[in-house]
Amino acid sequence: MTEIAHKHLAYCWIARGDRVLFLRRAPGVFLAGRWELPGGTVEPGEPFEATAVREVAEETGLTVRVTEEVSRDSWPDVAGRALRIHAFVYQASEDGLGEVVLNPAEHDDFAWLTVAEARKLELPQHFRRLL
């Protein structure tokens, strides 16, 4: 029997009015061209909420604080590895309205979108289910 590994991801839902921040994955990275919320992989021993805040800072330059959990989702690895992915999405409040500064190694565009606009984008399935 194959042992299944687990990978945990944490993302932030950052809203300005009725618009939410989405980032487009850069060419050459996994799922290039798809849109996502800011977030990423939980480091060993790191609390999920801390991951979400850290990843937002690394990917966007924004400073946020988690206010509540929005959703949880889980799925088998899309590349077919013996891996189960677990994603947590947190509502986050900005500490002031900063300017988004992308990390070009990870993302090449961003947009503040309504949920209806975001549904029209090419999104990974776990974000599509969230919307």
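**Exercises on strand 1 and the aromatic pairs**

In the hairpin formed by strand 1 and strand 2, with 2 residues between the strands, G17 adopts a positive phi near 65°. The model is predicted: local features need pLDDT of at least 70, side-chain atom pairs count only at pLDDT 80 or more, and totals for chains, interfaces and linings use all residues. Residues are numbered from 1 along each chain as its sequence is written, and side-chain values use heavy atoms, leaving out hydrogens and water.

**Exercise 1.** Determine how strand 1 pairs with strand 2 and strand 6.

*Solution.* Strands (E, at least two residues) are DSSP runs, numbered from the N terminus, as are helices (H or I, at least four). Two strands pair if DSSP finds at least two bridges between them.
1. Strand 1 and strand 2 (residues 19-25) are antiparallel, with 2 bridges; R16 stands opposite R19.
2. Strand 1 and strand 6 run parallel and are joined by 10 bridges; H6 has R84 as its bridge partner in strand 6.

**Exercise 2.** Classify the aromatic pair of Y11 and F127, and state whether each residue is buried or exposed.

*Solution.* Rings of Phe, Tyr and Trp (its six-membered ring) pair if their centres lie within 6.5 Å; planes under 30 degrees apart are stacked, over 60 edge-to-face, and the rest tilted.
1. The model contains 2 aromatic pairs.
2. Y11 and F127 lie 4.8 Å centre to centre with 80° between the planes, an edge-to-face pair.
3. Y11 belongs to strand 1 (residues 5-16) and F127 to helix 3 (residues 125-130), 116 residues apart.
4. Y11 and F127 are both buried (under 20% relative accessible area; exposed is over 50%, partly exposed in between; 1.4 Å probe, protein chains only).
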